[in-house]
Amino acid sequence: MKIILAVVGSPRRNGNTHILVSKIAEGARANSAVVEELFLGDFTIRECDGCHVCWKMEECIKNDDMQAIYPRIIQSDVIIFGTPVYWYGPTALMKGLIDRFVYFNCPQNREKIRGKSAVIAVPFEEDNAETARPVVEFFQKCLDYLEINLLGKIIVPGVSTRGEIRHKTERLEEAYELGRSLA
Ligand SMILES: Cc1cc2nc3c(=O)[nH]c(=O)nc-3n(C[C@H](O)[C@H](O)[C@H](O)COP(=O)(O)O)c2cc1C
């Protein structure tokens, strides 16, 4: 049984990212995966300031919600990273989370994440698929560096208002099938 961590990196609840990530989660649950949703806007994640104590002590000393999130990352088999495009990048919430993955860059902690799998889910307003390229490359490079396998991606252009993605039924079906394939 797969354990999946579904990260919603948009601060907008019931927005396009939330719906897209939930659809992937729904597909995974239909195939018996255990899925936990992490709505990043609910958490306080301070910026990584490069103190690198985590490399010496195997622990991050920042007293914030990452202390509860690290174990959830570590126990998961697959992580769904969902973020809308914000100024041709991921949201600050998502970037803040990924910055804290520096914790996994020392040999002792790398063992805790090496070989996991991930998918990315990226909705955005413009109709040009090129708009998402920097975000996709950001994840490709970070995941590659972290030795996490990128299994798939759902990129959805042309959605702007909250929940507009509900009209993109084919893309949501694609998201559901991606979820099923993860379990
Ligand atoms: C701060 C901010 C920056 C944005 N930057 C872009 C952008 O560079 N390109 C784009 O196509 N859409 C951009 N958008 C639009 C969002 O990507 C779009 O509305 C998306 O569907 C929001 O997803 P959500 O409902 O999950 O928050 C931006 C929106 C905000 C609030």
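1. A good place to start in this predicted model is the largest nonpolar core, which has 33 residues. I73, F81, L97 and F139 are the ones with the most contacts inside it.

2. Who supplies this core? The elements that give two or more residues are β1, α3 (66–75), β3, α4 (92–99), β4 and α6. Helix α6 provides the largest share, five residues.

3. If you would like one residue to click on, try L97: leaving aside residues up to four places away in sequence, L97 touches V7, L40, I45, M66, I69 and F81. Apart from this core lies another, of 24 residues, with V78, I80, L172 and A175 among them.

4. Now to the sheet. Five strands form an open sheet with parallel pairing, in the order β2-β1-β3-β4-β5. The edges are taken by β2 (34–39) and β5 (149–156); each has a single partner strand, so one side of each is left without a neighbour in the sheet. On average, neighbouring strands here are turned by 15° against each other, direction ignored.

5. For a closer look at one edge, follow strand β4 (residues 117–123), which pairs with β5 in the parallel sense over seven bridges. Within that stretch, V119 has G152 in β5 as its bridge partner.

6. Two helices on the sheet deserve a glance. Helix α1 (residues 16–30) packs on the sheet and touches β1 (3–8), β2, β3 (78–82), β4 and β5, with its direction at about 145° to that of β4. Helix α6 (residues 133–145) also packs on the sheet, touching β3, β4 and β5, and its direction makes about 170° with that of β5.

Key
Residues numbered from 1 in each chain as written. Predicted model: local features only at pLDDT ≥ 70, side-chain atom pairs only at ≥ 80, totals over all residues. Heavy atoms only, no water. Pairing = 2+ DSSP bridges. Helix = DSSP H or I, 4+ residues; strand = E, 2+ residues; numbered from the N terminus. Axes fitted to C-alpha atoms, helices over the stretch in contact; angles between N-to-C directions. Contact = heavy atoms within 4.5 Å. Core = buried A, V, L, I, M, F, W, Y, C linked by side-chain atoms within 4.5 Å. Buried < 20%, exposed > 50% of the residue type's maximum accessible area, 1.4 Å probe, protein only.
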